[in-house]
Every structure is written in structure tokens, then in C-alpha cells.
Amino acid sequence: MTARRPPRPRPRILFLDAYDSFSNNITALLTALLDVDVFVLPIDSPSLLCPAGEPDFAERLRRELGHYAAVVCGPGPGSPDNDADVGLVKHIWRLCDEDVLPVLGICLGFQSLVASFGGRVRRLRRGLHGMVREIGHRDGSETDDDEGGDIFQGVGRFKATLYHSLCGDIGQQDVPEAEWAEARWRPSPSCPDVVPLAWVEEDRGDDEGGVERILMGVKHRTRPFWGLQYHPESVCTEEEGNQVIVNWFREAQQWNEARGRVAAVDGDILARNATKPSLLSQLPGMVASAPGQTASSDRWWESMDVGNVYRSMTIPLPQGVQVPDIVEAMGCEESERIILDSANAANAMARADVRGRYSIIATGLESALRIEYHTGDDYATLKLGSIRGESAGGLSQQVPLAPYGTIWGFVASFHEARQIETTESAQSPFLGGFMGYITYEQGLSDIGIFPDHDRQHHRPDVCLAWVTKSITVDHVTKLIHIQQLLPQELDVALWIEKTADKLIFSPNFQTVFHHHSDGFSPRKSTQPLKTRRPSRGTTTITPMTKEYETKVSICQEFIAAGDSYELCLTDQTKITRPISDHPNSAERHLSRKRRRSSSLPAPPSSWSLFKSLRTRQPAPFASYIRLGGATLVSASPERFLQYDDTGRCSMKPMKGTVRKSEEVVTLAQAEKILHIPKEEAENLMIVDLVRHDLHSICGAGNVTVPHLLVVEEYQSVFTMITVVEGQLPAPEQKKEKYTGLDVLAASLPPGSMTGAPKKRSCEILQQLERGQERSLYSGVVGYMCVTGRGDWSVTIRSLFRWDDEQVAGAGGDEGERQEVWRIGAGGAVTILSTPEGEREEMFTKLAGPLRVFADSG
Ligand SMILES: C=C(O[C@@H]1C=C(C(=O)O)C=C[C@H]1O)C(=O)O
Ligand SMILES: NC(=O)CC[C@H](N)C(=O)O
């Protein structure tokens, strides 16, 4: 009997990550195309660069590299001329002969290779971010020698996406046109070791000096180093290009074999897996297990709402009854509210694919458990009772986050303990569970960006209520589900019955409706709005036109320098006006007294602002939220992330917007304007970024793009969208279970609000926006149901206010405190933007939300 040979271990590839927003797409491509395991080290890996008491850096690097068949040096912001931008990468090219191993440099990694062997890196005449070009390569067919095509051998014609504003210069512009056809495949005298393999020749037009020769692929003459300037992993790089990667790895392995180089199998490695471990798998067993077993008496919240069951009652949605009518029929006494409103569901204007289907109304928030977290704290606060505090008998406890790793570990563990299986009969996407908001600043801290100053407030950045009483409206089946999560032993759901009666017998539901072809009836909330000037005492400060245009130009300078590929610049408008509604009844009483003695009329309440915004700008992700000291009135059209209970995730970034006008009325006209390289590039960059975010959790082979660059129609604009889908890895063990929260935590802040690469772009924007917090704007709002389903939108086209931000009234009326509303607006700046165009786009987006201050309530 012959002993079975142990299976050959899969080769490992080390990916050096230069903080790009496309890195995970490359690791996924390598994993999918080659039979390899990919591991990742950041270019500034502290474990390699500075562990105390270890042998020196060169030895550590040598030992780490010994585990891999090859290295891929990734793309990233900045320039190889700046050591910090390439970090470890520059050491790879300098390895001594016995330590050398095969390497592929991509984009920044490619530029670093060229710069390390005699070439220069300089700016392109104009950056080519998101541009798709045919890669001119020598596939070997034109030559007899073996070296003809190298890694392009046998590869057909293909187009690839470019994301760069710098380029490798080996003196190509100095070659006379007559010699170019031959000379372009030979090393230049100044860079004898750099063999060109591919080019793009970009016609810049006469005014810019004719054709720019852009180096796209190289190999080192004697060492096993290759480089590609284009992005092989982009969704718009054609599949034929995959062969280049396959060829490279074949060459790499042949090189290893010829040298007898065998990668070490044993011993620890410093690099991490290409995908993130799940939030639940990182919790110590004690925390992840059912809290009922470990509940200590002082953690009063731990067993609350655990083991609940779902009960519901369904009543018809009368013709013409809208979400605000239902809310008003329930009574308006609640000081906190969460209403997610598919405000355009019944709107004949909207095309079917941009209509929302469900609306969700949370009720009874005063008795709902709440998780609040202020970014940077090492604890979360668990609250019961609203911000009324002690007077309402509220309970509050600070829970240390150390055992959970981060706030996301805590949220995941809290949810997991309360999850229930999907009920077959449930016709609602949300049975109960988390509802709330997350700020932009929380997203920043999730990617390692912290404020450079004292924030001067302690507002929640994550504010999630655990909702057990809710109403879901299905605008397609025209049904209202009144639902409650409650202990199994309580078999009468009194609240459900009472609520059903309240609705059915409310005057809002009793009106006799006339049938209208658009599904609307002339109800109060949809009547044409009278417009008047903003109420007296209201001051509005909008962004300064010139200053905004200057900032657009500064963004473009960062882009030309290679620091960013696209920057979503925004600014804030501030509206100050007399206080309209109040967080608690005591204050409400006081201010009524104050108002009586004041000369100013009461301005429309936040609820009136919401009703007027949802009517003016019906959007699929409208919301009205009063929670944790914030009030949000939103008409967001943009889905951030949706996931279902089978682990299917869907993201829908928007980018490329044109205002409706006399010239742009139809979808066809908008398509003509938006299907141009500038707009498509703007969208494509975010699509690749979103794929990267999804890949970090879903892994290779689990991310697809079913709809690319589709123009959709909204109330006042046309916008280009793309749908990116991912599938969560199946749970091998309970402990390794992934949920939608993993994707949410890995994808904030929304890429469509940052630009790419995300981290460097956010740092630049923080400087340009002068550290002013975006707060709720650019964050997300949504829910995560007990069954694991979730839906989150990007908070844009919205206004918000914090209860604790009040200023002295105009005219020095000290008695009159004023509330402050803020509206953020902006757009993506690329190298092809114009300052005027961007300024106009920002003001277009601002106009809708701003107008509600002039509407009568
Ligand atoms: C920045 C905003 O919107 C974002 C930018 C868009 C764009 O640049 O076309 C489109 C939708 C949003 O992702 C905003 O509404 O303020
Ligand atoms: N995608 C990249 O790696 C870009 C490299 C470099 N920052 C440039 O702009 O040219």
C-alpha cells in the first residue's frame, strides 16, 4: 500500500495594501482567477515596521515574504515620490538577490516599480480617473522572439479602466514619431531595466500638444518584477484582461521553480485574511451566548425583549390615506418618533423602479430600549425611556465596549440575542428590531479618521431604538400591518387591537374618497402648498458661491496630484428661527408662555416641514425622525444598503445628477446628458469602491453588478444609479455567522458621499470643510429587523436639528431662544468638473429642502 501524499498547499500571495478603495476587488480577482490564498498587509504595517524586541526590519520582512509565492503591490492615493504613500512597497524592489520573489505592481505599485529603476513619475496632462481605454500591447504575434508578449502573450484586444493622474515616464515623449513604432517596445537609454509591454496613446488635442504616450505595462529586464498601470479588477475592465493576470502568475511560478524557491508552509504570518472576520465571531463566547444565561442583575437590559414572538393584525389601507394621516390618527403626543416613509409610493410621476414599497412607523418609543453611542467613547449607553430622563422614570446604563471590540460588536451581539426566525406568514419586511440613525462622523471613525478638535457636544453618533411596536404600510398590496413583538406567554395583544380600532375609526380613515387616476385623493397633506416667505425671525446662511467654487478647484488640485480620484465636496446651510417644537412637555409649556409675550408667530413645526418636504419632493426614502436629541426631516432618494434574511445584500450608489428644466424633460434627454465620460466615470469610481466594501465581507466570487450606469427619474432631478449585489458567506459555524451588520459596519461612511479612495478623500474633505461636522447628513438612516433583514438610506436632501443647539434670538431678544436647522448639499468633484457646474449642482440639491421653510404649515 502506498502512503497518500499530503495535498500540496495552495500557493499564497501577499497583497500590499496602499489604502486604496479598490484593494479588495484585486484580492477577490486573484482568488477567483488563480488557485491561491491571498493575504493582506497594509503598507505601513505596524507589526512589520515596529514591534519591540524583535529582530530588525529587514529580517522580519525576509521572514514574512518567505511564506508567499508572489507579492502584489496595490494601487493607492499619492505618489511613489512620497515614502509614506508607498511604505513597504519601495523595500520590495530593493530586496537582495537571494530574497527576491515575483512581484506585480498595480497602478501606484506599478509607478513605484518604474520610479525605482530609473524612471520618473510625473503628472499626466489631465488625470484619467474612471476612463476606459483599449490597452495597446504586444501580444507576441508581431515578433519571433520568445519575449514578445511576456504576460500579454496570447491576450486579445481588451479595454481597461484607468484610475490615475500620475504616470511612469521613461522618456517616451522624446522619441520621434517616425521611430515610435519600433522604439516603444524597447527599454529607453535612461531606464535600461524597464521593458515596456503596453501603452495607451491619449489624443489630447492640438492645444495640449497632441498625443500623450502613457505607459501601461512593464517588466523588469532581469528580475521577476511586472507592473500594470491600468486596473485589472475594475468592473469595466474586459474579461479578456484576466488572461494577463493568469499569465503573470504562471511566469511567477515558473520563476520560483527555476530557482528552486519554495514558500515556507509552517510558521506564523503577519498578514491577515483578505476578508474581515464576522462581528459575531470576534465576541468572546460568554458575550455571544444567550444573555439569559449570563445576565447579571445590574445589567437590567440584558434579558429585555429576548425570546419575544411576533403578533400582527392587518387592515386595509384606504384609498388616498397617506403615512402622515396614519401617524396623525395615532395621536401626536409622542415626543420621539421614527417614520420611514416611501413617500413616492403612490406617485404617478415616479417610474416603478424608483418607487418605495413599504413605510414603517415606530411607536411607543418612550418604552423602547435604546442604544446610544458617541464616537470615540469606550462605552455605549443603554436607555429606557426617552430623553425626558428621570422624570419619566428613565433608566440608563453605560456598558463598557471592551468585551465586544467596538460598538458594532455590541450592536451585533444585542441583535443576535433577540433575533427570531422569519415567520412564513409575515408579509412585512420589518417585524420589529433596530430603527435609527448613524452619523457621518461614526463612519469616519470606522475608517480611522478622528476629529482634530474637541467636538463640543456629546450627541449620539449611533442611535438605535429597539422597536417592538410598529406599523408597516405596504403600498403595493394596500395593507397596513399593526405589529408587536411580545413575550410568548402574553397571548392577547391589546395594543394591536386598540391601535387597529384607533386607525379604523379615525376621521382620517373615514373620509369618502373620490377615485383619482394617480391614486391620490385631495387630502390635506397633498393639497397644493401655499408658498410664502420664510416666517419672520428666520435667518438663512447659505454657502458662499465664490468660496465653494474655490474649494472645487482645490479638490481638482488634490486630484491632479494623485491624492484622490474623486471628492464628494459638500457645504452646509444654516437656518435659525424661533423654536418650533420641544423635547419635553415642561419646556413646551414654558415656551408657549414665552411665545405669547413675543411678537413672533410660531414657525411651522418640524412635522409640518416634513409634510411639506414629502409632498414637494416625494422620495422613496423619506423619513421623519425625532430621536436621541435629533430631529431629521429627509427626502432621500438614495438607498445605501439593503439585506435580506438569506444574506443577499444590495447597494445602490447614485452619481451623476441633472436638474429637470425646460431643456431636460424626458428620460431620453437626461440619458443623453448623463451617458458621457465625465458622468459615467464619476459613477464607475463609486461602483468599484462599493464592490470593494462588499468584497471585504462577502469575499471573492460573491459580488456582482446587475445594473450598471442606469439613469432614473426623480421628482426634480434625473440621476444615474448602479446596483451592486453581494452574498454573505454561509455560516459554517454559528460563531462565524455574518449578518447585514457586518456589511454596514464595513461600508460606512457611504462611498457616494466621500469619493475615492475613501480614507484619503475623507481626510482632504475634512480639511476643506474646515472640520465642520456633517453630522446626520452623509450618514445613514434605516432599520434592521429581528429576522436579519435591513434597509438603510443615505441621509441627503434633508434637514436636521439638534435639541441642544440653540442660539440667542435676532435683535438681541435674549428671552427668545432660537433653533438651528442645517441642510448639507454637495456633489462629486472630478478632474473634469467645472467650479460653476459643481456650485450649481450643490445649490440645486439644496433648493428642495430649503424651500420648505417658506411653505405654510
Ligand atoms: C452630495 C449629495 O448627493 C450625492 C452626490 C450625487 C452626485 O454627485 O451626483 C448624487 C447623489 C448623492 O450620492 C447631496 O445630495 O448633497
Ligand atoms: N489608482 C492608483 O493607484 C493611482 C496612483 C496615483 N495616486 C495616481 O493618481 O496616479
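# Exercises on a two-domain predicted model

The centres of domain 1 and domain 2, taken over C-alpha atoms, are separated by 41 Å. The model is predicted. Work through the exercises with the structure open.

## Exercise 1: The domains and their contact

Task: Find the bounds of both domains, then describe the contact from the side of domain 1.

Solution.
- Step 1. Domain 1 spans 12-273, and domain 2 is assembled from 308-449 + 456-507 + 530-854.
- Step 2. Go to the contact. Domain 1 supplies 27 residues and domain 2 supplies 33 residues.
- Step 3. On the side of domain 1 that touches domain 2, helix α1 (residues 23-33) gives the most, with six residues.
- Step 4. Sort that side by residue class: ten are nonpolar, 14 polar and three charged.

## Exercise 2: The nonpolar cores

Task: Which residues of the largest nonpolar core touch the most other members, and why does this core lie between the domains?

Solution.
- Step 1. The largest nonpolar core holds 206 residues, and Leu16, Val71 and Ala465 touch the most other members.
- Step 2. Helix α20 (residues 677-698) gives the most to this core, with ten residues.
- Step 3. Both domain 1 and domain 2 give residues to the core, so it lies between them.
- Step 4. Look for another core. A second, separate one has eleven residues, including Val354 and Met720.
- Step 5. Return to Val71. Leaving aside neighbours within four places in sequence, Val71 is in contact with Leu14, Leu16, Leu65, Ile92, Leu101 and Val103.

## Exercise 3: A sheet of nine strands

Task: Give the strand order of the open sheet of nine strands, and name its edge strands.

Solution.
- Step 1. The order reads β7-β10-β11-β12-β4-β3-β1-β2-β13, and the pairing is mixed.
- Step 2. β7 (136-137) and β13 (272-273) are the edge strands, each pairing on one side only.
- Step 3. Take one pair. Strands β10 (residues 194-203) and β11 (residues 211-220) run antiparallel and are joined by nine bridges.
- Step 4. Within that pair, Trp199 has Leu215 in β11 as its bridge partner.

## Exercise 4: Strand β29 and its partners

Task: Which side chains of strand β29 (residues 648-651) are buried, and which are not? Then trace the pairing of β29 with β28 and with β32.

Solution.
- Step 1. Cys649 and Met651 point to one face and are buried, while Arg648 and Ser650 point to the other and are not.
- Step 2. This fits the general rule: in a regular strand, side chains alternate between the two faces of the sheet.
- Step 3. Strand β28 (residues 639-643) pairs with β29 in the antiparallel sense over three bridges. Tyr643 stands opposite Cys649.
- Step 4. Four residues lie between the strands of this hairpin, and Gly647 takes a positive phi near 90°.
- Step 5. β29 also pairs with strand β32 (residues 717-727), in the antiparallel sense over four bridges. There, Ser650 has Glu725 as its bridge partner.

## Exercise 5: Two ligand shells

Task: Describe the residues around ligand 1 and ligand 2.

Solution.
- Step 1. Ligand 1 is surrounded by 19 residues, the closest being Thr657, Ser752, Ile796, Gly827 and Ala828.
- Step 2. β25 (566-578), β30 (654-659) and β37 (817-829) each give two or more residues to this shell. The largest share, five residues, comes from β37.
- Step 3. The shell around ligand 1 divides into seven nonpolar, eight polar and four charged residues.
- Step 4. Move to ligand 2. The residues around it include Pro75, Cys107, Tyr163, His164 and Gly562.
- Step 5. The shell around ligand 2 has six nonpolar, five polar and no charged residues.

Definitions and conventions
Residues are numbered from 1 along each chain as its sequence is written. Chains are lettered from A and ligands numbered from 1 in the order in which they are written. This is a predicted model: local features need pLDDT of at least 70, side-chain atom pairs count only at pLDDT 80 or more; totals for chains, interfaces and linings use all residues. A nonpolar core is a set of buried Ala, Val, Leu, Ile, Met, Phe, Trp, Tyr and Cys residues joined through C-beta atoms within 7 Å. A residue is buried if 20 or more other C-beta atoms lie within 10 Å of its own, exposed if 12 or fewer, and partly exposed in between; C-beta atoms are placed from the backbone. Domain bounds come from an automatic or database domain assignment. Two residues are in contact if their C-beta atoms, placed from the backbone, lie within 7 Å. Ala, Val, Leu, Ile, Met, Phe, Trp, Tyr, Cys and Pro count as nonpolar, Asp, Glu, Lys and Arg as charged, and the others, Gly among them, as polar. Two strands pair if DSSP finds at least two bridges between them. A residue is near a molecule or strand if its C-beta atom, placed from the backbone, lies within 6 Å of it.
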